[in-house]
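Trainee: I should like to learn how to read the features of a model in order. May we work through one together?

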Amino acid sequence: MSLDSITTSIDDAVSDFFEPVADHVADVVFYTVPVGDTDLPLIVAWLVIAGLVFTSWFGLLQFRKFKLALDTVRGKYDEEGAAGEVNHFQALTAAVSGTVGLGNIAGVAVAVSIGGAGATFWMILCGLLGMATKFVEVTLGVKYREEHADGTVSGGPMHYLPKGLAERFGANGAKLGKVLAVLASIMILFFGLFGGNLLQANQSYAQLSSQFGGEDGFLASSAGAVLFGLVVAALVGLVLLGGIRSIASVTSRLVPAMAALYIVACLVVILTNVTAVPDAFQTILSGAFEADGVAGGVIGALIVGFQRAAFSNEAGLGSAPIAHSAVKTKHPASEGLVALLEPFIDTVVICTMTALTIVIANPASWAEARAGESIGGVTITSDAFETVLPWFPNLLTIAVLLFAFSTILTWGYYGLKAWSYLFGKSKTSETVFKATWSVFVIAGSLLTLDSLISLADSALFLLSVFNIIGLYLLAPVVKRELKSFLDWVRDRKAGLTAADRGDEDLETAKTL
């Protein structure tokens with residue numbers, strides 16, 4: 001029996017077993033209610049409402065403190081002797097690498113096909129709201145992180161939910177927090193293995209083999225798939241062995257490089273068609289408030305735009321605080337401010353650049369998709385670039401490989417922290433996880449396991465239910481942490497020392 005027939009049999013067997021489960025869970029998690037002529041997934045409303053609440057609660061913090069966030073990520077407010085493993089910039093790039101990926105390339109194309117160009121406007125708005133949610137969850141992640149004897153740290157919803165709720169509400173809060181933490185860990189681990197690993201390996205291999213292998217080429221064969229999986233697994237394993245320091249070292253170089261590469265390509269298309277830019281913006285704005293969407297008119301464009309942004313930047317899902325918690329700082333809110341840049345980079349910049357490129361280039365495949373043809377998002381994006389850059393499919397393949405690799409790395413770290421919370425932080429336990437993670441990379445080049453990936457998507461967004469409940473209950477803690485950091489920044493600018501302020505927690509702070 002050939003390897004192809006074996007993998008096909010496995011795919012079919014897994015799909016037959018899990019498809020009914022995946023469909024049932026998806027019906028619950030992505031339950032929709034009719035709004036106008038379309039349907040609104042309640043999970044999207046849950047995420048958007050959280051963004052609205054926290055934006056209001058913290059007085060438009062993402063706009064008022066945007067410059068302070070930039071100054072912090074540049075290292076202006078670094079502190080000597082702070083616990084942690086990586087600096088602010090490395091923590092940001094590690095987290096961004098988990099969100100920037102295929103969704104920014106293919107997902108956006110699908111959004112502007114279903115919701116029209118106007119979906120872009122709502123996508124940007126949702127991204128801006130998500131900045132406030134990201135600030136809250138990351139501040140809590142650093143506040144309640146666990147520092148280990150070997151100098152490493154662990155953070156995320158599995159830590160701030162039990163610790164924070166116990167601190168605020170006593171024994172009853174501790175019980176609720178423990179339940180939420182275990183459920184959150186399971187959701188993170190499940191999505192990590194199937195969505196953050198297997199799917200990324202599968203899609204990157206598919207793009208590489210289709211672009212350079214052809215149907216009869218070596219890459220398209222089972223042997224080529226196995227070789228690809230082994231190479232990626234080896235690279236991932238080497239980086240994972242070094243922990244967050246190693247991951248951050250790679251992503252701090254990889255993420256800016258791949259983001260710059262992609263944005264430059266977008267700008268080439270935009271500037272080549274610079275005379276079409278005003279009309280493109282007009283199309284986006286008018287489409288946001290006029291019934292030009294394929295599904296549901298204005299409401300349809302709004303829902304699709306919000307959905308794409310929520311799915312892309314992961315604000316409120318509790319995943320990013322795991323990476324951000326490793327930062328070197330004594331002020332949790334400092335990293336919360338850095339983290340609010342994440343939805344801005346992922347959604348407001350990269351997703352918008354993709355949408356604008358498609359609207360300006362206006363490829364034939366986009367028109368066909370809007371007319372109801374079934375056309376893949378990657379194809380539409382590739383066609384948009386190809387109108388100016390005939391060689392773009394090769395560049396797109398490189399971008400997909402880099403995006404997928406960085407996502408596998410970051411979700412490997414997320415998965416390890418969830419695994420350690422559930423099964424203990426021992427050498428044996430971590431080795432078992434890393435071996436399992438590498439096997440999933442290899443399997444990803446051979447298998448699709450669509451039903452499990454669908455189930456993983458449901459798990460990821462179910463995580464937001466557990467996480468955001470905790471965010472609401474712990475928001476007053478975040479407000480106190482923000483005040484503490486802003487007071488420290490103000491005093492540091494004034495040249496005051498910790499002793500001058502009488503703040504024991506800041507005795508080691510340096511004057512300017």
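Trainee: Let us start with a single residue: is Leu60 buried, partly exposed or exposed?

Mentor: The general idea is to compare relative accessibility with fixed cut-offs: under 20% is buried, over 50% is exposed, and the range in between is partly exposed. Leu60 has 45% relative accessibility and therefore counts as partly exposed. Please note that this is a predicted model.

Trainee: Where does Leu60 lie, and what is its phi?

Mentor: Leu60 sits in the loop joining helix H2 (42-57) to helix H3 (61-64). Its phi is near 55°, which is a positive value in a residue other than glycine. Glu314 also has a positive phi, near 60°, and it belongs to the loop between helix H12 (297-313) and helix H13 (320-324). Glu314, however, counts as buried because its relative accessibility is 6%.

Trainee: How confident is the predictor in the protein?

Mentor: The mean pLDDT is 84, and 92% of the residues reach 70 or more. Over residues 503-512 pLDDT stays under 50, and the model has 19 contacts beyond four places in sequence for that stretch.

Trainee: How should the overall fold be described, and how many helices and strands are there?

Mentor: The protein has 21 helices and four strands. Its radius of gyration, 23 Å, is close to the 24 Å that the globule rule gives for 512 residues, so the protein is as compact as a globular protein of that length. The C-alpha trace spans about 70 × 55 × 40 Å along its principal axes. Of the contacts between residues at least 6 apart in sequence, 82% join residues at least 24 apart. Buried residues account for 57% of the 512 residues.

Trainee: Which residues have the most contacts inside the largest nonpolar core?

Mentor: The general idea is that, in soluble globular proteins, nonpolar side chains tend to be buried together. Here the largest nonpolar core has 152 residues, and Phe135, Leu140 and Tyr414 have the most contacts inside it. Helix H20 (residues 450-494) supplies the largest share of this core, 19 residues. Beyond its sequence neighbours within four places, Tyr414 is in contact with Ala95, Ile188, Ser319, Ala320, Ile322 and Ala323.

Trainee: What does Ser97 touch, apart from residues up to four places away in sequence?

Mentor: Ser97 touches Thr251, Val255, Ser406, Thr407 and Thr410. Ser97 is part of helix H5 (residues 88-99) and counts as buried, since its relative accessibility is 0%.

Trainee: Which residues are in contact with Cys266, leaving aside its neighbours within four places in sequence?

Mentor: They are Met353, Thr354, Thr357 and Phe385. Cys266 belongs to helix H10 (residues 243-272) and is buried, with a relative accessible area of 0%. Cys266 and Ala384 are 118 residues apart in sequence, while their C-alpha atoms are 9.4 Å apart in space.

Trainee: How many salt bridges does the structure hold?

Mentor: The general idea is that side chains of opposite charge can pair when their charged atoms come close. The structure holds seven salt bridges. In one of them, Glu342 pairs with Lys134, with the closest N and O atoms 3.1 Å apart. This pair links distant parts of the chain, with Glu342 in helix H15 (residues 341-361) and Lys134 in helix H7 (residues 119-143), 208 residues apart. Glu342 is buried, at a relative accessible area of 0%, and Lys134 counts as buried at 0% relative accessibility.

Trainee: Which residue does Lys143 meet in a salt bridge?

Mentor: Lys143 meets Glu481, at 2.9 Å from N to O. That pair also links distant parts of the chain, from helix H7 to helix H20, 338 residues apart. Lys143 is partly exposed at 31% relative accessibility, whereas Glu481 is buried at 14%.

Trainee: What is the nearest side chain of opposite charge to Lys434, and how far away is it?

Mentor: It is Glu430, 4.3 Å away; Lys434 is buried yet has no salt bridge. The cut-off for a salt bridge is 4 Å. Lys434 is found in helix H19 (residues 427-444) and touches Leu240, Leu241 and Leu416, not counting residues up to four places away in sequence. Glu430 does form a salt bridge with Lys425, where the closest N and O atoms are 3.6 Å apart.

Methods: Residues are numbered from 1 along each chain as its sequence is written. This is a predicted model: local features need pLDDT of at least 70, side-chain atom pairs count only at pLDDT 80 or more; totals for chains, interfaces and linings use all residues. Side-chain values use heavy atoms; hydrogens and water are left out. pLDDT is the predictor's confidence in each residue, from 0 to 100. Contact means heavy atoms within 4.5 Å. Helices (H or I, at least four residues) and strands (E, at least two) are DSSP runs, numbered from the N terminus. Buried means under 20% relative accessible area, exposed over 50%, partly exposed in between (1.4 Å probe, protein chains only). Lys and Arg count as positive and Asp and Glu as negative; His and the chain ends are not counted. A nonpolar core is a set of buried Ala, Val, Leu, Ile, Met, Phe, Trp, Tyr and Cys residues joined through side-chain atoms within 4.5 Å. The radius of gyration is taken over C-alpha atoms; the globule rule is 2.2 Å times the number of residues to the power 0.38.
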